[in-house]
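Q: I am new to this structure and would like a close look at its pockets and cavities. Please walk me through the residues around them.

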Amino acid sequence: MKLTERQTDAFAELINIAFARTGAALSELTGHRVILNAPEVAVYRTAELRGALAKFVPGDVASIHQVFAGPVAGDALLLLNYAGAVQLTDLLTDEDQPSVFLDESAREVLTEVGNILLNACLGMFGNLLNVHVTFSVPRLHLETLDELIDSTTSDKTEMHYALVVYTAFQVRDSSVKGFLVIVLSVGSLDRLIHEVDAWEAKQGK
């Protein structure tokens, strides 16, 4: 399943709205200007996900994982490589000396970052696309990329796709790469694309 150019642009525009809200919320929370770069959006079958992400997130990864349910249901994750997760929490918490691991307070900061971002994106479905979803409390996981992908595709009986959104957090003259990954069944992705098409048509483009 591939998105058309117009669908890709519409998804990017919608996610950019959520990213702007996330940046504003993180700026207010931390006292630092936080900007999320304009997103790049692609859709992969989950079987292709490992190949698509492995070169960007080698080794262990940190993910904030939220399960959501409703007319569109699936798994939403903020995904960072481990070093990037450590760097991002340092930038957001005024650490003078670079950290080498995520301590308890850093994990709490990272979970809150993921919570703000995922809620902004999932809330956007309800606010702009009229697809109201409920979501679980976000959980932080530290694991390999293989373990992460396996954990989001436990139902092997149905084809799943992943909406992969690449961005970077800009904080204090530094940039940390990250991914928003939304894993969906075929039915949920079809519904989401249908609602995005309807939203895009209303914009008069």
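The answer begins with the largest pocket and then turns to the largest cavity.

A: Happy to! What you see is a predicted model, where local features need pLDDT of at least 70 and side-chain atom pairs 80 or more, while totals for chains, interfaces and linings use all residues. Residues are numbered from 1 along each chain as its sequence is written, and side-chain values use heavy atoms, without hydrogens and water.

Let's start with the largest pocket (an open set of 1 Å grid points over the protein atoms alone, with protein on both sides within 12 Å along at least five of seven lines). Its volume, the space filled by probe spheres set on the points, is about 170 Å³. Around this pocket you will find Glu40, Val41, Ala42, Tyr44, Ala52, Leu53, Lys55, Phe56, Val164, Tyr166 and Phe179 (lining residues have an atom within 4 Å of a point). Three elements each give at least two of the lining residues: strand E2 (40–45), helix H2 (46–54) and strand E7 (160–171). These labels are DSSP runs numbered from the N terminus, with at least four residues for helices and at least two for strands. E2 makes the largest contribution to the pocket lining, with 4 residues: Glu40, Val41, Ala42 and Tyr44. From H2 come Ala52 and Leu53, and from E7 come Val164 and Tyr166. By residue class, the pocket lining has 9 nonpolar, no polar and 2 charged members. The charged pair is Glu40 and Lys55 (Asp, Glu, Lys and Arg count as charged).

Now for the cavity, where a 1.4 Å probe fits but cannot get out. The model has 1 cavity of 30 Å³ or more, and about 60 Å³ of space lies in the largest cavity. Its walls are formed by Leu49, Leu53, Leu77, Leu79, Leu145, Leu148, Ile149, Thr152, Val181 and Val183. At least two of these lining residues come from each of H2, strand E4 (74–81), helix H5 (145–152) and strand E8 (174–185). H5 supplies the largest share of the cavity lining, 4 residues: Leu145, Leu148, Ile149 and Thr152. You can also pick out Leu77 and Leu79 from E4, and Val181 and Val183 from E8. The cavity lining holds 9 nonpolar residues, 1 polar residue and no charged ones, and the polar residue is Thr152.

As you turn the model, try following H2, which supplies at least two residues to the lining of the pocket and at least two to that of the cavity. Leu53 of this helix belongs to both linings.
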